[in-house]
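Grab a coffee and work through a few exercises on the structure shown here. Try each task yourself before you read the solution under it.

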Amino acid sequence: MATATSFIRPATRPDEIHSLLTGVERYNPQKTAILEDYLARQCANPDPTNNHDLMANLALLKMYQFNPDMVDLDVIRRILAKALISQSQGDFNLCLYLLSSEICNDASIAKLLTLRDYLERAQFVKFWKEMYGNDDDDDESVVDGIAGFENGLRKLIIGNITSTYQTIPAKAVEEMINLDQEAVLRLVKEHDWSIDDKGVISLPLKSENEAKATVIKESIKFEQLTKMLSAANEM
């Protein structure tokens, strides 16, 4: 879900953009080019921790919603691609709510929807295959022009792995993050994980991946118990 932090002003948002987003000119179609240029700057920033301004991108999508003749599918593609690797998982859906069914039927947009589904289901191997494996050599990828996309994606996947597993084969990690063995070994060292001679990675215990005993208590009143026993005797 998107959180309140999704709408906090990013440190990289210029004063000009902030004034636009918080003022009466927010949905002025004459300001569309300003927001499109700002999106281009977000896409050129390879740091996934501070290169996504959801509020500005939603305002741009809203501008397209109000002015269908101004719609630029490539801009929408880049907005969705940015939202796909956002640390706030609800950002993609917030953008999606502002798109018409006609826009969603566009091939590149539809592919991003498929990628979103794979990501939500933690089907990471299928994600990589869909993103790169089915593209013709002459076709552009749906994430072209998004600097740092793969690093941002891998950060999300690693977060999922550390929250889900206590141990996992290194080979599985290679496939999930689409890196070779040498790169995964570097990752193990960077994150202070451990790996045994059988190639099994051990991850630190945390609240999300630690097994917890579940105690189920049933509260049955004496009157209910006597009714159950009486019914059993009558059978």
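Below are four exercises on this predicted model, each with a worked solution.

**Exercise 1. Get your bearings: how many helices and strands does the protein chain have, and what percentage of its residues count as buried?**

Step 1: Go through the secondary structure, and you get twelve helices and three strands.
Step 2: Turn to burial: 38% of the 235 residues of the protein chain count as buried.
Step 3: Now look at the contacts with a separation of 6 or more; residues 24 or more positions apart account for 64% of them.

**Exercise 2. Put T32 in its setting: is T32 buried or exposed, and what does T32 touch?**

Step 1: Place the residue: T32 sits in helix 2, which covers residues 32–44.
Step 2: Check the relative accessible area, which is 3% for T32. Buried means under 20%, so T32 is buried.
Step 3: List the contacts, skipping residues up to four places away in sequence: T32 touches L60, M63, Y64 and M70.
Step 4: Take Y64 from that list. T32 and Y64 are 32 residues apart in sequence, yet their C-alpha atoms are 8.6 Å apart in space.
Step 5: Follow the side chain of T32 to the backbone oxygen of P29, which it reaches at 2.7 Å.

**Exercise 3. Describe the nonpolar core: how many residues are in the largest one, and which have the most contacts inside it?**

Step 1: Count the members of the largest nonpolar core, and you arrive at 60 residues.
Step 2: Pick out those with the most contacts inside this core: F127, F149, L153 and I201.
Step 3: Ask where the core residues come from: helix 3 (residues 54–66) gives the most, with nine residues.
Step 4: Zoom in on F149. Leaving aside neighbours within four places in sequence, F149 is in contact with A81, L84, I85, F127, M131 and V143.
Step 5: For some background, nonpolar side chains tend to be buried together in soluble globular proteins.

**Exercise 4. Walk around the largest pocket: how much space lies in it, and which residues are closest to its centre?**

Step 1: Start with the volume: the largest pocket holds about 410 Å³ of space.
Step 2: Go to the lining, which has 17 residues; L84, Q89, L119, E120 and L156 are the closest to the centre.
Step 3: Map the lining onto elements: helix 4 (73–84), helix 5 (91–96), helix 7 (107–120) and helix 9 (149–164) each give two or more residues.
Step 4: Find the largest share: helix 9 supplies it, with four residues.
Step 5: Sort the lining by class, and you have eight nonpolar, seven polar and two charged residues.

Notes. Residues are numbered from 1 along each chain as its sequence is written. This is a predicted model: local features need pLDDT of at least 70, side-chain atom pairs count only at pLDDT 80 or more; totals for chains, interfaces and linings use all residues. Side-chain values use heavy atoms; hydrogens and water are left out. Buried means under 20% relative accessible area, exposed over 50%, partly exposed in between (1.4 Å probe, protein chains only). Contact means heavy atoms within 4.5 Å. A polar contact is a pair of N or O atoms within 3.5 Å; within protein, one must be able to donate a hydrogen and the other to accept it, and residues adjacent in sequence count only if both atoms are side-chain atoms. On a 1 Å grid over the protein atoms alone, a cavity is a set of points where a 1.4 Å probe fits but cannot get out, and a pocket is an open set with protein on both sides within 12 Å along at least five of seven lines; lining residues have an atom within 4 Å of a point. Grid points are joined across faces, edges and corners, and a volume is the space filled by probe spheres set on the points. Ala, Val, Leu, Ile, Met, Phe, Trp, Tyr, Cys and Pro count as nonpolar, Asp, Glu, Lys and Arg as charged, and the others, Gly among them, as polar. A nonpolar core is a set of buried Ala, Val, Leu, Ile, Met, Phe, Trp, Tyr and Cys residues joined through side-chain atoms within 4.5 Å.
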